[in-house]
Amino acid sequence: MDTRPRAAAVDAQSPRGADRRHRFPGRGQRVNLRLDEAEHSDVVKAAARAGLTPTGFCANAALATARGTAGPGGLVSGTGVTRTELAAMQRDLFAARTAVTRTGTNLNQATAALNATGEAPVWLAHAVKRCVQALDKLDAVVADIDRRLH
């Protein structure tokens, strides 16, 4: 894992796991890039928008161009959606899945308590409310995906 410090602007905006995929051992080939102040500023801003470090952004952009695929912040072929937007939707789906799983655990515990005592636990209503909220979030992500596909 790369332990070098990242730019503060990217850290403040970049969600966990949004940086360029790291390899072990590291990549052996290097391409040095020289930019003037304005070009560097443009790259740093674009990298922040894509949730990448400037180096990762440049590497991804160069590879995307070389391979004819979607670059960072570029549209994924045939979708009308950027990689950044897809990554955000993926994080939303993972968060919704986690919320549903946790709520399911709570409902299982409530069912066990109901079976053992014959009475529903006082916190059951809260667990059901959380389940409804988690499903609402999941529905919102699915609706967003549906909207973008049409």
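Read from one end of the sequence to the other, the chain follows the pattern α-α-α-α-α. In this predicted model, the secondary structure amounts to five helices and zero strands. The chain has 150 residues, of which 17% count as buried. Its exposed surface comes to about 11,300 Å², and carbon and sulfur atoms supply 55% of that area. Contacts that link distant parts of the sequence can also be counted: among those between residues at least 6 apart, 46% join residues at least 24 apart.

A good place to start a closer look is helix H2, which covers residues 37-50. The 14 residues of H2 should span 20 Å at 1.5 Å a residue, and the end C-alpha atoms are indeed 20 Å apart, so the two values agree. At the N-terminal end, H2 is capped by Asp-36: a side-chain oxygen of Asp-36 lies 3.1 Å from the backbone nitrogen of Ala-38. Beyond the other end comes Gly-51, which follows H2 and has a positive phi near 75°. Within H2, the buried residues are Val-43, Ala-46, Ala-47, Ala-48 and Ala-50.

Several of these residues reappear in the largest nonpolar core, a set of six made up of Val-43, Ala-46, Ala-47, Ala-50, Leu-52 and Phe-57. The biggest share of this core comes from H2, which gives four residues.

Phe-57 leads on to helix H3, where it is buried together with Gly-56 and Ala-64. These buried residues sit on the same side of H3, because they cover an arc of only 100° around the axis. They pack against helix H2. What does the face of H3 turned away from the buried side carry? There the exposed residues are Thr-55, Thr-65 and Ala-66. As for its length, H3 runs over residues 54-67, and its 14 residues reach 20 Å from the first C-alpha to the last, close to the 20 Å expected at 1.5 Å a residue. H3 is followed by a glycine with a positive phi, Gly-68, at a value near 70°.

Helix H4 takes up residues 83-117. With 35 residues, H4 should span 51 Å at 1.5 Å a residue; the distance between its end C-alpha atoms is 51 Å, which agrees. Buried positions in H4 are Met-89, Ala-96, Thr-103, Asn-106 and Ala-110.

Two neighbouring stretches of this helix show how residues can be placed quite differently with respect to the surface. Is Thr-103 buried or exposed? Its relative accessible area is 1%, below the 20% cut-off, so Thr-103 is buried. Leaving aside residues up to four places away in sequence, Thr-103 touches Ala-127, Arg-130 and Cys-131. Arg-102, also in H4, has a relative accessibility of 53% and therefore counts as exposed. Arg-102 and Cys-131 are 29 residues apart in sequence, yet their C-alpha atoms are 8.8 Å apart in space.

Another pairing of this kind involves helix H5, which spans residues 124-149 and includes Gln-133. Along the chain, Gln-133 and Thr-103 are 30 residues apart, and 9.9 Å separates their C-alpha atoms. Gln-133 counts as partly exposed, because its relative accessibility is 41%.

The end of H4 offers a last set of details. Thr-117 belongs to H4 and counts as exposed, with a relative accessibility of 57%. Which backbone oxygens lie close to the side chain of Thr-117? One belongs to Ala-113, and it lies 2.8 Å from a polar atom of the Thr-117 side chain. The other belongs to Glu-119, whose backbone oxygen is reached by the Thr-117 side chain at 3.0 Å. Just after H4 comes Gly-118, which takes a positive phi of about 85°.

How values were computed
Residues are numbered from 1 along each chain as its sequence is written. This is a predicted model: local features need pLDDT of at least 70, side-chain atom pairs count only at pLDDT 80 or more; totals for chains, interfaces and linings use all residues. Side-chain values use heavy atoms; hydrogens and water are left out. Helices (H or I, at least four residues) and strands (E, at least two) are DSSP runs, numbered from the N terminus. The expected span of a helix is 1.5 Å times one less than its number of residues. Buried means under 20% relative accessible area, exposed over 50%, partly exposed in between (1.4 Å probe, protein chains only). The arc is that of the directions from the helix axis to the C-beta atoms. Contact means heavy atoms within 4.5 Å. A nonpolar core is a set of buried Ala, Val, Leu, Ile, Met, Phe, Trp, Tyr and Cys residues joined through side-chain atoms within 4.5 Å. Accessible areas come from the Shrake-Rupley method with a 1.4 Å probe; for residues, only the protein chains shown count as cover. A polar contact is a pair of N or O atoms within 3.5 Å; within protein, one must be able to donate a hydrogen and the other to accept it, and residues adjacent in sequence count only if both atoms are side-chain atoms.
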